Amino acid sequence: MDTKIAGSPLSGAVVCPPSKSFAHRILIASFLAKNQKAVIKNLAHSNDIVATANCLKAMESGEKVLNCGESGSTLRFLLPIASALGINAEFKGEGRLGERPMEDLISVLNQNGAKINSEMPYKVSGKLNAGVYEISGSVSSQFISGLLLALPILDGDSEIVITSPLRSKGYVDITLEVLKDFGIKITKTDSGYFIKGNQAYIAPKEISVEGDFSNASFLLVAGALGKGVTVSGLNLNSVQGDKEILTVLKNAGANVEIISDSSVRVSRGNLKGMECNAEDIPDIVPIISVLLSRAKGESVIRNIERLRIKESDRVEATLSLLKAFGKKAECKGDSIIIKGDNNLAQNEKRTVLGFNDHRIVMCGAVMGAFNGGETVITDKEAVNKSYPNFYEDFLALGGRICD
């Protein structure tokens with residue numbers, strides 16, 4: 001379905017949605033806990049989180065077919081979990097999930113006792129053995145996180161040896177923090193991690209999901225493009241890698257005011273072009289691109305190749321988005337080059353392809369709010385993957401939807 005956005009600059013205050021990354025891990029850790037299930041507060045029911053919750057329920061009840069939806073986290077975390085528990089199951093998915101890289105994870109699981117075929121639907125049998133798990137860190141940090149969640153419950157000690165530089169390390173840090181909250185001990189080594197076997201997950205009586213910097217980035221950039229937006233519900237001491245959005249905003253010339261440990265206000269400054277390394281923050285590259293398209297001068301976003309294996313080819317989707325608003329951008333090698341300006345269209349209708357990608361659709365809405373004419377965005381429902389209340393917050397900040 002399409003949505004129509006009328007130009008109306010965003011400003012005001014909004015509470016950040018809860019972190020999808022933390023929620024996946026907390027749900028899984030609570031499932032594995034022997035003592036009790038944790039009371040989980042501030043849990044948003046986005047499509048990805050519902051997929052993980054439903055798969056865990058299916059595993060608990062002995063169902064053999066698990067639907068991961070479009071959630072890479074669900075699939076990449078629960079394949080090792082099922083293998084560690086010796087559960088025979090079939091994992092299926094939707095959208096582009098079957099096209100996303102899985103070879104390295106399946107290979108290391110098969111080398112250590114599991115039996116998993118190479119294409120979706122993935123049929124899992126066998127049972128993992130404790131041992132040495134050698135795996136690349138450059139394809140997806142979710143592979144490392146999945147192993148970290150699964151290996152502590154094996155009968156013996158294990159070691160994860162990361163054979164190439166670990167990308168998106170912040171997501172592994174989230175995993176380690178949740179594991180610590182559930183009483184699991186992981187030791188960092190020179191080459192990866194040592195995991196003591198026969199550990200027990202111990203759930204706290206109550207645990208709260210902190211705010212999501214990935215989704216907050218859309219709101220914060222909206223503040224930098226307009227009259228200012230205050231976002232609360234954040235953890236300014238978070239290990240989330242996408243907290244880097246605050247540094248990017250400062251370096252681009254936006255005004256960033258830390259109000260408290262949980263609240264930030266961003267307003268417009270003298271936006272200027274800059275260079276940015278996307279190696280550890282691939283998920284916020286589209287909204288950073290929106291920001292820099294409105295910054296004076298040339299910007300370069302480096303190390304963007306992993307964006308091609310997300311819910312869409314986010315390199316092409318981001319370029320399509322910027323060009324829909326008349327912005328100049330291109331891909332050269334592993335970089336996106338943006339020639340920014342502060343020009344605003346006047347009374348021009350724009351059509352943005354959403355590529356069924358939640359992050360592209362939300363970028364289109366933020367950019368459309370500052371467009372002088374009507375903006376039509378396809379695949380409006382894609383936001384349900386991570387931020388089901390996005391349009392409510394958009395309206396609360398003064399956005400106009402003309403459906």
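In strand S15, Arg 265 is the bridge partner of Glu 257, and this pair is a handy place to start in what is a predicted model. The two strands around the pair are S14, covering residues 255–260, and S15, covering residues 263–267. They run antiparallel and are joined by 5 bridges. If you follow the chain from S14 to S15, you pass through a hairpin of 2 residues.

Now let's turn to the helices, beginning with H1 and H3. Helix H1 spans residues 20–32, and helix H3 spans residues 72–85. Their axes lie 11 Å apart and meet at an angle of about 15°. Because angles under 35 degrees count as roughly parallel, H1 is described as roughly parallel to H3. The crossing of these two helices is right-handed. To see the contact in your viewer, pick out His 24, Arg 25, Ile 28, Phe 31 and Leu 32 on the H1 side. Facing them from H3 are Ser 73, Thr 74, Phe 77, Leu 78, Ile 81 and Leu 85.

H3 also leads us to helix H4, which runs from residue 103 to residue 110. Here Leu 105, Ile 106, Val 108 and Leu 109 are buried. Why do they sit on the same side of H4? Around the helix axis they cover an arc of only 165°, which puts them on that one side. What do these buried residues pack against? Their partners include two helices, H3 and H5 (141–150). They also pack against strands S6 (114–116), S7 (122–126) and S8 (132–135).

Conventions: Residues numbered from 1 in each chain as written. Predicted model: local features only at pLDDT ≥ 70, side-chain atom pairs only at ≥ 80, totals over all residues. Heavy atoms only, no water. Buried < 20%, exposed > 50% of the residue type's maximum accessible area, 1.4 Å probe, protein only. Helix = DSSP H or I, 4+ residues; strand = E, 2+ residues; numbered from the N terminus. Arc of directions from axis to C-beta. Contact = heavy atoms within 4.5 Å. Pairing = 2+ DSSP bridges. Axes fitted to C-alpha atoms, helices over the stretch in contact; angles between N-to-C directions. Parallel < 35°, antiparallel > 145°, perpendicular 65-115°, else oblique. Left-handed = near helix turned anticlockwise from the far one by under 90°.
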